[in-house]
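Here is a friendly walk through one protein model, written for someone who likes to know which residue sits where. Keep the viewer open as you read.

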Amino acid sequence: RCARIGGWLRLHLKAGDRVALVAPNSLLAFEAHYACAFGGLTLLNCNPRLAPSELKWCLEHAGCKVLIADGVYRDLVAAARSDQIMLDASTYEDVASKGPVPGRPNDALTVDSAEMYYTSGTSGRPKGVVLTRRNVLLHALQCIVEHRISSKDVWLHVAPMFHLVDAYAIFALTFVEGRHLILPSFDATKTLDALCHHGVTVTNMASTMVSLLLKDPRCARPLTTSLELLSCGGAPLSAETVRQAQRIFGCEFFLSYGMTECCGKISTSIVEEGDPIELVTTSGRAFGLIDLRVVRNWDSTEEPIDVSQEEVGEVWIRGPTVFSGYDSNEEATANAFHKEWFRTGDLATMNSYGYITIVDRAKDMILVGSENVYCCEVERVLHDHPQVKTACVYGLPCESMGERVVAKVVGSCSVEVL
């Protein structure tokens, strides 16, 4: 099926051309990754939550010539599409299931690029991140090693496949001949059903998903599942939430910190033998293929100086899974790199064991008087409250203190009780 789709794409494209994908978690999305790899094409994973004008800009900036779209996003695609050739649900199945299986094009392996994503910043247009075949392959292989994934495993795709919090498993699980279970999107009830009744052994979720699962009534007591390993990426979780997840899911649980620019993972809180178990609540130590440092003078033009223990600095990384620069954006690339080191824009501390703890984005730090307040740290405290579903903290101008801390909270009770 993937070869047929890849062959069809190559009827319209040459090696290295870009193909956009707009789809929920699905067999179509899964196959599109392999179809593009088969044909030597670059797959642009599009976020279907974008507004039509935003999606249109991404399609045109990337120069996509073909658009693969699931029918559920028909209206979005119709509003965003310009001159791209369409492969939609009405023709996709015929192409995938009928006709001879083509041979792989001779030039398919001559192309460096494999996948593309757009990262949204706090201002301006999104930046295009192109990941090479080497980036993607090495990241998947290292995840197999560190997560101890094997042919007996069943992966639950519940985080978005269009995001690297899940996309790496499309390749990692297949490489070891494991099995895939796909949910179209996150739903707490269906996710818990899958974990309890469908043999799922391993998955990776966004931190908000884990928090929402733990608020479900079924998680008032430990669950009986086949789950052996659950990793969690995205916004940092509080220590109490991590301990609750370990207690409820009854499996190995760790946190992942990462970025699109490095194909996913920067660090994981898998605790090494002999290290204190409490380290699982940190953002972890460097992923196996990543060199990591925390730089004290990140906002200076002087040579970088690493932080001392528990001092806040910016996370810098390098390694074979790190991208080489933003697509057609030399200024953003120059600002993001210091020689071979990629500057993540994230602030963290590092303890004596080499584990980091993310405290905030450098741009989100709030200066109250002469004190630095880190949004993530305040959010962790709020999320520990049993009646808080989710919370967001930010700064607003203040005449007397420069900035003041503001929190928006979604609770599971009335305002008066909260």
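The notes below cover a pocket, some aromatic contacts, several paired strands and a few individual residues. Please bear in mind that this is a predicted model.

**A pocket and its lining**

Let's begin with the second largest pocket, which has a volume of about 400 Å³. It is lined by 19 residues, and the closest to its centre are Tyr-34, Ala-37, Val-136, Leu-137 and Phe-171. Which elements supply at least two residues each to this lining? They are the helices α2 (27-39), α6 (133-147) and α7 (164-175), together with the strand β5 (113-119). As for chemical character, the lining of the second largest pocket divides into 14 nonpolar residues, two polar ones and three charged ones.

**Aromatic rings and the charges over them**

Searching the whole structure turns up eight aromatic pairs. In one of them, the ring centres of Phe-337 and Phe-342 are 5.5 Å apart and the planes meet at 55°. How is this pair classed, and why? An angle over 60 degrees would count as edge-to-face and one under 30 degrees as stacked, so the pair of Phe-337 and Phe-342 at 55° is tilted.

Phe-337 and Phe-342 also belong to one aromatic cluster with Phe-323 and Tyr-326. Within that cluster, is Phe-342 buried or exposed? Its relative accessible area is 1%, and because buried means under 20%, Phe-342 counts as buried.

Tyr-326, another member of the cluster, has a charged partner: the charged end of Lys-127 sits over its ring, 5.2 Å from the centre. A second contact of this kind involves Trp-341, where Arg-293 lies over the face at 5.1 Å from the ring centre.

**Strands that pair**

Now for the strands. The table gathers three pairings, with the direction, the number of bridges and one pair of partners for each.

| Strands | Direction | Bridges | Example partners |
|---|---|---|---|
| β17 (341-350) and β18 (356-361) | antiparallel | five bridges | Asp-346 and Arg-361 |
| β10 (229-233) and β11 (252-259) | parallel | five bridges | Cys-232 and Leu-255 |
| β21 (388-398) and β22 (402-411) | antiparallel | 10 bridges | Gly-395 and Val-405 |

β17 and β18 form a hairpin with five residues between them. In the turn of this hairpin, Gly-354 has a positive phi of about 90°. On strand β18 you will find Val-359, which is buried at 2% relative accessibility. Val-359 is 67 residues from Leu-292 in sequence, and their C-alpha atoms are 16 Å apart in space.

A hairpin is also formed by β21 and β22, here with three residues between the strands. Gly-411 lies in β22 and is partly exposed, with 28% relative accessibility. Although Gly-411 and Thr-390 are 21 residues apart along the chain, 7.1 Å separates their C-alpha atoms.

How many residues of β11 are buried? Six of its eight residues are, which leaves this strand mostly covered.

**Residues in the loops**

Two residues with a positive phi deserve a look, and neither is a glycine. Glu-310 has a phi of about 70° and is found in the loop between β14 (291-295) and β15 (313-318). Ser-328 has a phi of about 55° and takes its place in the loop between β15 and α11 (330-336).

Are these two residues alike in how much solvent-accessible area they show? Glu-310 is partly exposed at 46% relative accessibility, whereas Ser-328 is exposed, with a relative accessible area of 66%. The reasoning is simple: exposed means over 50%, so Ser-328 at 66% qualifies as exposed and Glu-310 at 46% counts as partly exposed.

Glu-311 is found in the loop between β14 and β15 too. With a relative accessible area of 24%, Glu-311 is partly exposed. Its C-alpha lies 7.6 Å from that of Arg-296, with 15 residues separating the two in sequence.

Terms used
Residues are numbered from 1 along each chain as its sequence is written. This is a predicted model: local features need pLDDT of at least 70, side-chain atom pairs count only at pLDDT 80 or more; totals for chains, interfaces and linings use all residues. Side-chain values use heavy atoms; hydrogens and water are left out. On a 1 Å grid over the protein atoms alone, a cavity is a set of points where a 1.4 Å probe fits but cannot get out, and a pocket is an open set with protein on both sides within 12 Å along at least five of seven lines; lining residues have an atom within 4 Å of a point. Grid points are joined across faces, edges and corners, and a volume is the space filled by probe spheres set on the points. Helices (H or I, at least four residues) and strands (E, at least two) are DSSP runs, numbered from the N terminus. Ala, Val, Leu, Ile, Met, Phe, Trp, Tyr, Cys and Pro count as nonpolar, Asp, Glu, Lys and Arg as charged, and the others, Gly among them, as polar. Rings of Phe, Tyr and Trp (its six-membered ring) pair if their centres lie within 6.5 Å; planes under 30 degrees apart count as stacked, over 60 as edge-to-face and the rest as tilted. Buried means under 20% relative accessible area, exposed over 50%, partly exposed in between (1.4 Å probe, protein chains only). A charge sits over a ring if NZ of Lys or CZ of Arg is within 6 Å of the ring centre and within 35 degrees of the ring normal. Two strands pair if DSSP finds at least two bridges between them.
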